[in-house]
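User: I am new to this structure and would like a close look at a single part. Please take the barrel, go round it strand by strand, and then step outward to what lies around it.

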Amino acid sequence: MNIFAIFAVLAVYSFDLAFSRRWSPKPRGKNREMCLSGDGSSYRGFESESAKGRRCLNWNRFTSRSGASEGLGDHKYCRNPTQSLMPWCHVRRGRRIVREFCNIPRCSTPTVKPSPAVDTELTCGERTERKANKIVGGSFTPIESHPWVAAIFHQRSGFLCGGSLIAPCWVLTAAHCFVDGEATKTRHLSVYLGKTAINETDADRQQNFTVEKLIIHQEYNDYNYNNDIALLKIKSSNGGCAVRSASARTVCLPPAHTQLPAGFQCSIAGFGLEKYSAVGTRYSQYLKETEVKLLSKSDCTSKSQYGDRLTENMICAASPDWSTDACKGDSGGPMVCEASGRMFLFGVVSWGEGCAKRNKPGVYTRVTNYNKWIAVETGLPEITKGSIYPLK
């Protein structure tokens with residue numbers, strides 16, 4: 001009987017142990033899921049308002065059940081299924097439904113250090129800041145409004161040109177910025193991202209790079225500025241590329257040969273001259289932006305404008321009252337146009353007669369004529385497909 005009693009006790013103990021193991025709750029990783037770590041892709045908290053105080057809409061209105069792995073479903077909480085800068089949600093703004101970021105508290109002590117975030121062809125063209133302070137001939141603007149703007153410097157002459165970050169390791173700019181062409185010594189060049197002021201250093205926002213390779217278009221003509229386009233391959237001190245942040249993002253490339261209608265509004269940004277003059281020229285210390293509208297080919301090739309000097313690889317744009325324009329020092333910088341909330345690079349600042357001169361619009365290299373060239377030279381065909389450009 002004693003043996004049977006022992007077996008009975010052991011059986012009850014084993015059942016209790018198995019039951020407790022089966023039903024004991026496991027830790028949920030609160031720091032990882034309930035607060036912001038990295039870009040917030042793993043956030044599973046319960047914030048249901050955007051940073052602007054608008055109520056989030058239910059995800060089921062916009063996604064299928066397959067979105068469960070990204071934390072989507074029948075709820076209104078902020079999530080980041082697209083690997084954007086931070087969690088976001090759909091909100092109603094007037095009659096429109098738009099995306100807005102959410103304010104999620106950061107995790108105090110992340111258990112695992114996240115890998116540096118980098119942009120891809122699916123996360124390009126986003127910006128978090130659009131404020132600007134109006135001045136004559138444009139607006140001062142924080143780098144977060146145009147986080148793809150690169151500042152190119154020469155070791156001897158200082159600030160040289162602007163550029164656009166099109167991939168974490170690649171900056172697109174103008175060929176005419178490099179007067180020595182392919183003979184330019186890349187060791188004398190440096191590239192900065194995250195700069196709002198060219199004469200100031202902000203360690204929290206700025207990223208610094210050397211130039212590993214300079215590629216000037218093989219058919220660039222320095223007489224008429226045809227094919228005025230160049231690529232810089234950049235490298236940080238630790239051998240890496242640009243890390244995604246609010247002040248350093250890639251801009252999207254539209255599909256090859258995409259054209260926008262005359263009158264379409266776009267933006268230009270740079271550190272160029274504030275006023276064009278033969279005497280006393282002065283570059284803007286701070287990043288400036290302005291809006292321009294695309295001009296038709298027939299207008300730009302008219303006798304009152306540029307006639308036959310315009311090639312198929314160029315596009316013209318100007319402000320309607322001729323009051324603002326790209327100028328010397330803005331060369332190589334971006335002309336971006338918005339489509340479905342993303343910014344796409346349609347032009348590279350190239351040339352023009354004077355600055356903000358009536359009937360003399362700015363001329364830009366037509367980027368969509370160079371998708372194949374960019375794909376071949378960078379080895380990154382995926383960034384030139386324009387996969388997130390809205391279909392008609």
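Analyst: What follows is a walk round the barrel, then a look at its surroundings.

A caution comes before the walk. This is a predicted model.

**The ring of strands**

Which strands close the barrel, and in what order? Six strands close it, in the order 5-6-7-10-9-8. The pairing is antiparallel. From one strand to the next, the twist averages 40°. Strands of a sheet pair through backbone hydrogen bonds, either parallel or antiparallel.

Begin with strand 6 and strand 7. A hairpin of two residues joins strand 6 to strand 7. Three bridges hold these antiparallel strands together. One contact to find is leucine 165, whose bridge partner in strand 7 is valine 171.

Strand 7 covers residues 170-173. On its other pairing, strand 7 meets strand 10, which covers residues 230-235. The two run antiparallel and share four bridges. Valine 171 appears again here, with leucine 232 as its bridge partner in strand 10. Tryptophan 170 has lysine 233 as its bridge partner in strand 10.

Which way do the side chains of strand 7 point? Trp170 and Leu172 point one way, while Val171 and Thr173 point the other way. All of these residues are buried. In a regular strand the side chains alternate between the two faces of the sheet.

Next comes strand 9, residues 207-216. Strand 9 pairs with strand 10 in the antiparallel sense, over six bridges. Look for isoleucine 216 here: its bridge partner in strand 10 is alanine 230.

Strand 9 also pairs with strand 8. These two run antiparallel and are joined by four bridges. Tyrosine 192 takes part, with asparagine 208 as its bridge partner in strand 9.

**The rings at tyrosine 192**

Stay with tyrosine 192 for a moment. The structure holds nine aromatic pairs. One of them sets phenylalanine 153 beside tyrosine 192, with ring centres 5.2 Å apart. Why is this pair edge-to-face? The two ring planes stand at 80°, and an angle over 60 degrees counts as edge-to-face.

The pair reaches across the chain. Phenylalanine 153 is in strand 5 (residues 149-154) and tyrosine 192 is in strand 8 (residues 189-193). The two are 39 residues apart. Phenylalanine 153 is buried, at 14% relative accessibility.

More rings join in. Phe153, Phe159, Tyr192 and Phe271 form one aromatic cluster. Tyrosine 192 also has a charged neighbour: lysine 195 lies over the face of its ring, at 5.2 Å from the ring centre.

**Across and beside the barrel**

Now step outward. Helix 4, residues 371-378, lies across strand 6, strand 7, strand 9 and strand 10. Helix 4 runs at about 35° to strand 10.

The loop between strand 9 and strand 10 is also worth a stop. Asparagine 226 sits in that loop. Is asparagine 226 buried or exposed? At 17% relative accessibility, asparagine 226 counts as buried. Leaving aside neighbours within four places in sequence, asparagine 226 is in contact with several residues, among them Tyr220, Thr311 and Met314.

**Charged pairs elsewhere**

Finish with the salt bridges. The structure holds 10 of them. Side chains of opposite charge can pair when their charged atoms come close.

Take glutamate 100. Its side chain meets that of arginine 54 in a salt bridge, at 2.4 Å from N to O. Glutamate 100 lies in strand 2 (residues 96-101), and arginine 54 lies in the loop between helix 2 and strand 1, so the pair ties together parts 46 residues apart in sequence. Glutamate 100 also forms a salt bridge with arginine 93, at 3.3 Å from N to O.

How buried or exposed are these partners? Glutamate 100 is buried, with a relative accessible area of 5%. Arginine 54 is partly exposed at 27% relative accessibility. Arginine 93 is partly exposed too, at 33%.

Another salt bridge joins glutamate 312 and lysine 297, with the closest N and O atoms 2.4 Å apart. Glutamate 312 is in the loop between helix 3 and strand 13, and lysine 297 is in helix 3, so this pair ties together parts 15 residues apart in sequence. Both glutamate 312 and lysine 297 are exposed.

Some salt bridges share partners. Such bridges join Asp39, Asp119, Glu126, Arg244, Arg249 and Arg342 into one network.

Methods. Residues are numbered from 1 along each chain as its sequence is written. This is a predicted model: local features need pLDDT of at least 70, side-chain atom pairs count only at pLDDT 80 or more; totals for chains, interfaces and linings use all residues. Side-chain values use heavy atoms; hydrogens and water are left out. Rings of Phe, Tyr and Trp (its six-membered ring) pair if their centres lie within 6.5 Å; planes under 30 degrees apart count as stacked, over 60 as edge-to-face and the rest as tilted. Buried means under 20% relative accessible area, exposed over 50%, partly exposed in between (1.4 Å probe, protein chains only). A charge sits over a ring if NZ of Lys or CZ of Arg is within 6 Å of the ring centre and within 35 degrees of the ring normal. Two strands pair if DSSP finds at least two bridges between them. A salt bridge is a side-chain nitrogen of Lys or Arg within 4 Å of a carboxyl oxygen of Asp or Glu. Axes are lines fitted to C-alpha atoms, for helices over the stretch in contact, and angles run from 0 to 180 degrees between N-to-C directions. Contact means heavy atoms within 4.5 Å.
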